Amino acid sequence: MGVAAPTPVRILVVDDDPGDVLMIEEALDGSDIDKVIDVVSDGEEAMEFLRREGRHTTAARPDMILLDLNMPRMDGRQVLSAVKTDEDLRTIPIVVLTTSNADTDILGSYTLQANAYVTKPIDLDDFNDVVRRIDEFFGRVVVLPKRS
């Protein structure tokens, strides 16, 4: 009897900056952790994805969310609040990955129950390193809740 292959980690990237999304995807692709990456470009689309509404009716529940704070239409703070107050979604770990290092954003994110807050480094190598560390931590170390 063989051992079943591990289920890929599903990551939802919520970021409106195509350059940052590309760097995140490249950094995540650089690891040997089996994963599936979905990308949405603003908070409203993130909530549609998570609630399987609109064009995302077949979306799979992510195991974790990488969330930018500063986006149009519905910002990351609003997404964080909506997810963490939703009975069906609140167990999904959320890592805020943003350029802001303002104390109010950090405290506000943790108050809204972010699981981690990481500032995007400006240097490309540092950026890749940070994303890979998040991937390693959530892909190998953390026990994630089972998908429903």
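**Exercise 1.** Find which residues N128 touches, not counting residues up to four places away in sequence, and decide whether N128 is buried or exposed.

*Solution.* Begin with the contacts: in this predicted model, N128 touches M23 and A27 once residues up to four places away in sequence are set aside. Next, place the residue, which belongs to helix α5. Finally, compare its relative accessible area of 15% with the cut-off: buried means under 20%, so N128 counts as buried.

**Exercise 2.** Describe how helix α1 and helix α5 pack, giving the angle, the handedness and the residues of the contact.

*Solution.* Helix α1 covers residues 18–29 and helix α5 covers residues 124–141, and the two pack at an angle of about 60° with their axes 9 Å apart. Angles under 35 degrees would count as roughly parallel and those from 65 to 115 as roughly perpendicular; α1 and α5 are therefore oblique to each other. The crossing of these helices, α1 and α5, is right-handed. On the side of α1 the contact is made by D20, M23, I24, E26, A27 and L28, while α5 contributes L124, F127, N128, V131, R132 and D135. Sorted by class, the residues of this contact of α1 with α5 are seven nonpolar, one polar and four charged.

**Exercise 3.** Work out how helix α2 and helix α3 are arranged, and which residues meet between them.

*Solution.* The first helix, α2, runs over residues 43–51 and the second, α3, over residues 76–84; their axes come within 9 Å and cross at roughly 20°. Since angles under 35 degrees count as roughly parallel, α2 and α3 are therefore roughly parallel to each other. Their crossing, that of α2 and α3, is right-handed. From α2, the residues G43, A46, M47, L50 and R51 meet V79, A82 and V83 of α3. By class, this contact of α2 with α3 holds six nonpolar residues, one polar and one charged.

**Exercise 4.** Name the buried residues of α3, say what covers them, and explain what caps the N-terminal end of this helix.

*Solution.* The buried residues of α3 are G76, V79, L80, A82, V83 and K84. What covers these buried residues of α3 includes the helix α2, the strands β3 (64–67) and β4, and the helix α4 (103–111). At the N-terminal end of α3 the cap is D75, which has a side-chain oxygen 3.1 Å from the backbone nitrogen of R77.

**Exercise 5.** Locate D42, decide whether it is buried or exposed, and list its contacts.

*Solution.* D42 lies in the loop that runs between β2 (35–40) and α2. Its relative accessibility is 8%, so D42 counts as buried. A polar atom of the side chain of D42 lies 2.8 Å from the backbone nitrogen of E45. Leaving aside neighbours within four places in sequence, D42 is in contact with V14, M71, P72, R73 and M74.

**Exercise 6.** Examine L97: in which strand is it found, is it buried or exposed, and which residues is it in contact with?

*Solution.* L97 is found in strand β4, which spans residues 94–98. With a relative accessible area of 3%, L97 is buried. If neighbours within four places in sequence are left aside, L97 is in contact with I24, L67, D68, V118, K120, V130, V131 and I134. As a last step, compare positions along the chain and in space: L97 and V13 are 84 residues apart along the chain, and their C-alpha atoms are separated by 9.5 Å.

Conventions. Residues are numbered from 1 along each chain as its sequence is written. This is a predicted model: local features need pLDDT of at least 70, side-chain atom pairs count only at pLDDT 80 or more; totals for chains, interfaces and linings use all residues. Side-chain values use heavy atoms; hydrogens and water are left out. Axes are lines fitted to C-alpha atoms, for helices over the stretch in contact, and angles run from 0 to 180 degrees between N-to-C directions. Helices (H or I, at least four residues) and strands (E, at least two) are DSSP runs, numbered from the N terminus. Angles under 35 degrees count as roughly parallel, over 145 as roughly antiparallel, 65 to 115 as roughly perpendicular and the rest as oblique. A crossing is left-handed if the near helix is turned anticlockwise from the far one by less than a right angle, and right-handed if clockwise. Contact means heavy atoms within 4.5 Å. Ala, Val, Leu, Ile, Met, Phe, Trp, Tyr, Cys and Pro count as nonpolar, Asp, Glu, Lys and Arg as charged, and the others, Gly among them, as polar. Buried means under 20% relative accessible area, exposed over 50%, partly exposed in between (1.4 Å probe, protein chains only). A polar contact is a pair of N or O atoms within 3.5 Å; within protein, one must be able to donate a hydrogen and the other to accept it, and residues adjacent in sequence count only if both atoms are side-chain atoms.
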